[in-house]
Protein chains: 2
Amino acid sequence: MSSRLPPLTALRAFDAAARHMSFAQAAAELNVTPAALSFQIKSLEAHLGAPLFRRLNRAVELTEAGKALSTGAAEGFQTLAGAWRAAQRTQDTQTLTVTAGPAFTAKWLAPRLYEFAQAHPKVELRFAASLTLADLTRDNIDVAIRFSDSTSPDLYSLPLAEEWVMPVMTPALAAQYPTVESLHNAPLLFDESISFLKVPVDWSDWFNAMGAPFNPKLGPRFSQSDHAIDAALAGVGAVMGRRALVIKDLAEGRLVAPFPTALATGARFSFLCVKGMETRQQIAAFRDWILEEIKKTAQITENLTILEPSHS
Amino acid sequence: MSSRLPPLTALRAFDAAARHMSFAQAAAELNVTPAALSFQIKSLEAHLGAPLFRRLNRAVELTEAGKALSTGAAEGFQTLAGAWRAAQRTQDTQTLTVTAGPAFTAKWLAPRLYEFAQAHPKVELRFAASLTLADLTRDNIDVAIRFSDSTSPDLYSLPLAEEWVMPVMTPALAAQYPTVESLHNAPLLFDESISFLKVPVDWSDWFNAMGAPFNPKLGPRFSQSDHAIDAALAGVGAVMGRRALVIKDLAEGRLVAPFPTALATGARFSFLCVKGMETRQQIAAFRDWILEEIKKTAQITENLTILEPSHS
DNA sequence: CCCATCAGTTAAGCTGTACTTAACTGAGCA
DNA sequence: TGCTCAGTTAAGTACAGCTTAACTGATGGG
């Protein structure tokens with residue numbers, strides 16, 4: 001083999017040409033003349049000892065060698081560009097991009113956004129709500145809040161509070177159903193996304209745990225937790241609320257949990273960022289602020305009985 | 001932001017330096033003087049507007065920006081190197097690297113290797129037996145033979161014969177157990193890897209299908225199919241043999257299938273290569289040869305009843 | 001049919017990037 | 001104290017990579 005790696009400028013020229021399938025456009029992208037590009041490709045072909053493009057009348061097409069090279073080349077340069085952006089991002093102490101699931105974004109982050117802005121007026125927060133997001137560096141994300149099982153070795157991972165679930169509802173609704181048994185007759189809302197938890201727990205599990213078995217089937221179903229909670233906030237019914245998503249509403253009285261027994265889920269949100277980045281100004285500030293916010297609501301949990309899920 | 005991508009030579013210099021954590025070693029790797037390398041890093045730092053290394057007395061260490069850049073840079077250059085090797089490989093019509101599972105390698109490829117070498121004396125076959133192999137270009141693999149479900153859009157995928165299973169044994173053993181019922185008393189071998197198939201089928205399923213229900217539990221267990229078949233070849237017992245792995249032994253009489261009823265599994269091996277590469281000389285030759293080999297043994301299948309798996 | 005146009009190539013010459021050699025700094029160590 | 005090691009700086013050089021300008025050859029509209 002000639003060398004471990006060909007001239008990189010030539011490779012980049014090839015990448016652009018392969019992506020556009022046009023030398024002229026590639027030249028425009030790289031801000032060089034078509035002549036220069038033609039030369040680069042030629043030199044790369046000389047290095048390889050074979051043509052990479054088949055020159056047709058008004059177009060070019062990739063040869064086998066070209067096809068073999070193009071995919072990986074595109075991917076490689078994308079990775080490099082992502083890495084470079086990540087490095088640039090470390091120089092920016094103003095902005096902080098956070099990704100979390102839609103429910104956590106809506107019910108945890110958004111309501112507390114004002115307070116964070118107060119505490120850190122210089123930091124500009126950006127959100128990227130999505131359920132799955134693979135690559136932090138690739139997608140220019142600083143921090144992810146996730147139910148994380150697999151923590152890759154080059155991720156910094158800080159587990160946050162454990163997620164339990166318990167029935168919550170508006171104070172008005174709670175007044176109508178003072179006992180667990182009476183709750184059998186209350187309008188029960190179902191949060192289907194709970195089934196994604198490690199140990200799915202729902203109404204029937206909770207009634208069982210309370211010694212008042214009941215297997216409710218009917219009731220509005222919501223595919224996203226935040227929608228179910230919004231419905232409960234509107235007084236539509238009671239819902240099995242996840243800790244992170246309802247604790248602020250509990251603390252501020254919009255919702256109540258009349259029966260102080262919660263079911264543990266084994267799952268917990270984690271604070272994730274690329275290893276080493278946890279010391280960056282905004283990231284550290286954001287992490288500390290999250291921990292502080294969780295601590296603030298800790299006393300609500302103290303009065304609860306939290307039952308481990310039965311492994312029967 | 002300064003530019004979409006920094007000078008590539010400088011980036012490569014940084015990559016080498018970050019991998020070795022030493023400018024001198026990096027310079028040696030790139031065959032340049034330490035002075036040149038020092039310059040490159042400096043220029044990269046100028047582009048970024050921040051230092052990438054912290055210069056200590058006898059060592060260097062990465063700054064935050066450096067850490068952010070190093071991982072992606074290493075990955076990016078690795079990808080580029082892999083792509084370049086893939087391109088170089090297309091120029092080589094002599095060698096052909098194939099990956100398959102251990103069982104397929106041992107029981108399908110290996111026994112036919114001589115015949116392929118006869119038909120294509122110029123092609124040098126190489127094998128890479130492994131259960132999972134993610135990236136064909138990265139790992140310098142030309143062809144993969146896999147049970148493929150997810151076919152990525154840039155893979156060429158050719159489904160081969162469907163995989164069924166049926167009891168096979170040596171002729172001597174078969175003589176002792178002439179009926180399905182008598183087979184209940186035969187030494188039965190278990191191939192545990194069958195459980196990885198889409199529709200796991202084993203002895204009890206087969207006896208059920210034959211109308212002679214029996215739920216055998218005892219017998220030697222093998223974690224790899226080829227070992228189970230080797231045991232059967234040694235006359236140790238009967239085994240539920242997968243088509244691809246036993247058909248040559250059946251064709252040549254080392255094993256017999258006394259009861260001509262097989263159970264379909266829904267799974268089939270596929271011939272996989274990077275899209276566009278299927279026209280390369282050796283790859284096309286190998287593919288055509290595989291198809292030919294399968295056709296050769298087709299008449300064995302013609303006399304069989306193949307039962308779809310019951311979906312009860 | 002012919003000429004304008006478009007996409008890529010070739011040639012000649014210039015510019016600045018990326019290298020070299022050589023001298024320098026400054027910490028660790030015998 | 002001076003030697004060595006790792007990285008920096010300075011000065012000079014060579015060639016990679018760019019530009020402009022002219023060329024090829026196929027396409028397609030008028």
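**Strand C and the cores: a conversation**

Biologist: Happy to be looking at this with you. How do the residues of the surface near DNA strand C divide into nonpolar, polar and charged?

Modeller: In this predicted model, seven of them are nonpolar, seven are polar and four are charged. That surface has 18 residues around DNA strand C, and those that come nearest are Ser38(A), Arg55(A), Thr9(B), Thr33(B) and Gln40(B). Sugar and phosphate make up 82% of the strand C atoms that come within 4 Å of the protein.

Biologist: Which helices each supply at least two residues of that surface?

Modeller: They are helix H2 (23-29) and helix H3 (34-48) of chain A, together with helix H3 (34-48) of chain B.

Biologist: What makes the pair formed by Arg55(A) and a phosphate oxygen of DNA strand C a polar contact?

Modeller: The cut-off for a pair of N or O atoms is 3.5 Å. An N or O atom in the Arg55(A) side chain is 2.5 Å from a phosphate oxygen of the strand, so the pair counts as a polar contact. Lys42(A) also reaches a phosphate oxygen of DNA strand C with a side-chain N or O atom, at 3.0 Å. With Thr33(B), a backbone N or O atom lies 2.8 Å from a phosphate oxygen of strand C.

Biologist: Good, on to burial. Why is Thr170(A) called buried?

Modeller: Buried means under 20% relative accessible area. Thr170(A) has 10%, and therefore counts as buried. Thr170(A) sits in the loop between strand S6 (155-168) and helix H6 (171-176) of chain A. Beyond its neighbours within four places in sequence, Thr170(A) is in contact with residues including Ala232(A), Gly235(A), Arg254(A) and Val256(A).

Biologist: And Pro178(B): how do you know whether to call Pro178(B) buried or exposed?

Modeller: Exposed starts over 50%. Pro178(B) has 58% relative accessibility, so the word is exposed. Pro178(B) is in a chain B loop too, between helix H6 (171-176) and helix H7 (180-183). Its C-alpha atom is 21 Å from that of Ile247(B), 69 residues apart along the chain.

Biologist: Which residues have the most contacts inside the largest nonpolar core?

Modeller: Phe14(A), Phe53(A), Phe14(B) and Phe53(B) have the most, in a core of 60 residues. Apart from it lies another core, of 50 residues, including Val98(B), Tyr156(B), Ala244(B) and Phe269(B).

Biologist: Leaving aside neighbours within four places in sequence, what is Phe53(A) in contact with?

Modeller: Among its contacts are Phe14(A), Ala17(A), Met21(A), Phe23(A), Ile41(A), Val60(A) and Leu62(A). Glu45(A), Glu61(A) and Thr63(A) are also in contact with Phe53(A).

Technical notes
Residues are numbered from 1 along each chain as its sequence is written. Chains are lettered from A and ligands numbered from 1 in the order in which they are written. This is a predicted model: local features need pLDDT of at least 70, side-chain atom pairs count only at pLDDT 80 or more; totals for chains, interfaces and linings use all residues. Side-chain values use heavy atoms; hydrogens and water are left out. A nonpolar core is a set of buried Ala, Val, Leu, Ile, Met, Phe, Trp, Tyr and Cys residues joined through side-chain atoms within 4.5 Å. Buried means under 20% relative accessible area, exposed over 50%, partly exposed in between (1.4 Å probe, protein chains only). Contact means heavy atoms within 4.5 Å. Helices (H or I, at least four residues) and strands (E, at least two) are DSSP runs, numbered from the N terminus. A residue is near a molecule or strand if one of its heavy atoms lies within 4 Å of it. A polar contact is a pair of N or O atoms within 3.5 Å; within protein, one must be able to donate a hydrogen and the other to accept it, and residues adjacent in sequence count only if both atoms are side-chain atoms. Ala, Val, Leu, Ile, Met, Phe, Trp, Tyr, Cys and Pro count as nonpolar, Asp, Glu, Lys and Arg as charged, and the others, Gly among them, as polar.
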